[in-house]
Amino acid sequence: MDLLEVLRLDELSHGLANLSMFPYFELSHYVVSIMALREQPGAVEVSRVSPLACWFSSMLFCFGGAVLSGIMLAEPPVAPLSNSTSVLLASVVWYLVFYCPMDLVYCCAALLPLRLVLSGMKEVTRTWKVLGGVTQAHNKYKDGLLVMIAVGWARGAGGGLISNFEQLVRGVWKPETNELLKMSYPTKITLIGAVLFALQQTHYLPVQKHHLMLIYTAFTVVNKSRMMLTGSSTSPFAAIESVIYKTLFSGSSPYAAITGEARETCADGGAKSRKTSTKESRANGAAEQQSPPSPVSGQSSSVETKEESENDKKTN
Amino acid sequence: MDLLEVLRLDELSHGLANLSMFPYFELSHYVVSIMALREQPGAVEVSRVSPLACWFSSMLFCFGGAVLSGIMLAEPPVAPLSNSTSVLLASVVWYLVFYCPMDLVYCCAALLPLRLVLSGMKEVTRTWKVLGGVTQAHNKYKDGLLVMIAVGWARGAGGGLISNFEQLVRGVWKPETNELLKMSYPTKITLIGAVLFALQQTHYLPVQKHHLMLIYTAFTVVNKSRMMLTGSSTSPFAAIESVIYKTLFSGSSPYAAITGEARETCADGGAKSRKTSTKESRANGAAEQQSPPSPVSGQSSSVETKEESENDKKTN
Amino acid sequence: MDLLEVLRLDELSHGLANLSMFPYFELSHYVVSIMALREQPGAVEVSRVSPLACWFSSMLFCFGGAVLSGIMLAEPPVAPLSNSTSVLLASVVWYLVFYCPMDLVYCCAALLPLRLVLSGMKEVTRTWKVLGGVTQAHNKYKDGLLVMIAVGWARGAGGGLISNFEQLVRGVWKPETNELLKMSYPTKITLIGAVLFALQQTHYLPVQKHHLMLIYTAFTVVNKSRMMLTGSSTSPFAAIESVIYKTLFSGSSPYAAITGEARETCADGGAKSRKTSTKESRANGAAEQQSPPSPVSGQSSSVETKEESENDKKTN
């Protein structure tokens, strides 16, 4: 019985690993990505003013990961354009989402049941993209674990990581926010996936690739569906993140007041280092007044608050 | 008689195709480009404060296309610097335009007859640059029609396409405008050229390369001269653009009011999609109040208006 | 006696040329770079809000040169990540500088004597980095003197040159300032080094490589120490720069008033060039009111003033 279950899971994982992303899963990815673009503030206006900028932005939403990983590995960032079929498919989706008469396509795809299915299918493509990035990096850097993680992450979450520059195409510039300063859920889950697949590739993780693909895909799809159905944006890693953060990165904050003084006394060098420490203690002073913010507790600094609602939306 | 005319045109097109760009046409390109930089607001001040930033900006105006197409094809963006003669020539022009005693060079080159000749010669280099980009891309991607168009366009209109980053060198940042949001005439004509040469290269356009070069060059030179002499900035494609725009991209706007409501009713999903549709309809509402702007009719959105006069200048 | 001295210097220069940068000198580079990051306004706050953005920023401070020179030569910009030992070392330094309990590490390293030694050692790594960049470019472009200078400069002063984008990682955006508009001392000395090593590589400078390494290293270390001890930020090249600037780049300014009028009269072309010259003379008018600023005399335009104090700090 137990063996049978194992065998069935094995079959299932093999079946999944041999699944072709083209055309249905890729199509879902394009639909969900371009709908996410359309829901950005100002995007509809841009689509009226400049269809070309809107198209370019859509392509960055769809192929941003391939562009970014291409740049990182010094491979042509225009390479995605050479796959005519994908670009054509994405362009048709772009046209229908933005310019369809009576807005039928957007209206239908925005219905919760359909959107749920499309989002689930889009999550499946994430596994393939992360794995593609890790493999691509592995071909160039055999032992470069960090390179594999970076490229896998970039390939899977490219659209988010280059969002500052994608926004620039649409004439929007929000330097005070980016995916590194405040990671959204898709970026986080992609990073975790990139770490797992890179560890598997370098045999640090004693698991077979198709098993890992099954587990990771199941987790992302289930979690995405849960988040869409409950409307919650709480990350499933909030607890772990909070522990890691408190253990590792709040080191000096309980002593901030002490070290602030300590630094004043220890910085007895030249005029320059005194100036520096004063500036430092002022910066720390500001940090103390607003209780030390944790990236997971929901308390966020002034840098973040104004972008919060929007990021929450992007998360879903 | 007819045959003779054909033969002469054939000879002419062969002569043009064998024309060497170096040094006279390239020189004209450098003079016109660096004069265009000098006419940017604030450029003269930058040339006094930091000659190096001014020089770097000038090189981006002169070699921006080669830099951008290099990045797109993962070839060294510093490659233009390896052609010492061209860089030296461009640097001499830069020096004379910005720092010549009594401003003699700028003053002379700004005289209409001379400027007309220089601009005409600069337009000739456009043909060579677009063709160079298309060929460069064709060598890497045999069937990549879109790649050829993109690289040809980047090579021919690079200075304009990277203008946001060129401005950044001079300490200017205007995220609300770029060549994709509101294309200037040179960018448009270069895109059309890139499409034509890419179609010719892939044999979709049944025309010989040197004939196309003659036709395209004649068109750009004549049109540029016309625009400079009449002082008009109306694009010769305004009518076609307007038709294309009205046919393809105003799909949902006549129904905006209806779909706005339709979306309200169809978005019966979770709380999230309701929130989204409300935001959407608000965005559309704003778009309705200001009558749907056409990129060619001269009515432009708030994003554009403040940059308009400047873009018009750049166009010329 | 003279021979002995020469021999000893020769031995010394050979010894220096064979010195291994790893681990002590590289470690100093990481410590000084990450401390410089920590002293940027807002950096400590970012380290609390997003350790990842802070880590990424630190890596750009440590490996920015390798990233930038990689991009310039179309080599993978992620390559530095493939050197696990260096990244691990830099990451440990990053952790200790930002999160060490009681801020012990930062406090100790900020003590003048230790900081002096570390900064001196960091200056030594500059020679190796500039030379590495020049050699890397020489392998691709045998005769590309300008490419060698550019890549050597980028490799040695990368962190400064990409500072706009490094700041963007931390949510800071200061487009009105960059290292080209107002060069800091390290950027200047690196540019001079790149020019010297490129001239040596192409045999225009009749000096042996190890001798040049000794002279350049000695100069940078001594000068850095002097600047730290006296707290002065005056560049040792101020006099030369001033002479060059006055000779070459203030050409048209004494005649600005005349040429302003001259242009009015000479611009008798179409309406367009008249408009242009008016704008020009206005720009010049503004430039006249504030006496022509020299980049070295300490008088700086409005673009610079607000960033000045900070740049001065960065210089040290």
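**Exercise 1.** Which residue with a positive phi follows H11(B)?

*Solution.* This is a predicted model, in which local features need pLDDT of at least 70, side-chain atom pairs count only at pLDDT 80 or more, and totals for chains, interfaces and linings use all residues. Residues are numbered from 1 along each chain as its sequence is written, chains are lettered from A and ligands numbered from 1 in the order in which they are written, and side-chain values use heavy atoms, with hydrogens and water left out. Helices are DSSP runs of H or I with at least four residues, numbered from the N terminus. H11 of chain B covers residues 185-201, and the residue sought is His203(B), whose phi is near 65°.

**Exercise 2.** Compare the reach of H11(B) with its expected span, and state how far the helix is covered.

*Solution.* The expected span is 1.5 Å times one less than the number of residues. With 17 residues, H11(B) reaches 24 Å from its first C-alpha to its last, close to the 24 Å expected. Buried means under 20% relative accessible area (1.4 Å probe, protein chains only), and 13 of the 17 residues of H11(B) are buried, which leaves the helix mostly covered.

**Exercise 3.** Describe the surroundings of Gly152(B).

*Solution.* Begin with the location: Gly152(B) lies in helix H9 (residues 145-161) of chain B, and this glycine is buried, its relative accessible area being 0%. Next, take contact as heavy atoms within 4.5 Å; leaving aside neighbours within four places in sequence, the contacts of Gly152(B) include Val130(B), Thr190(B) and Ala194(B). Finally, Ala198(B) is 46 residues away in sequence, while the C-alpha to C-alpha distance is 7.9 Å.

Terms used
Helices (H or I, at least four residues) and strands (E, at least two) are DSSP runs, numbered from the N terminus. Buried means under 20% relative accessible area, exposed over 50%, partly exposed in between (1.4 Å probe, protein chains only).
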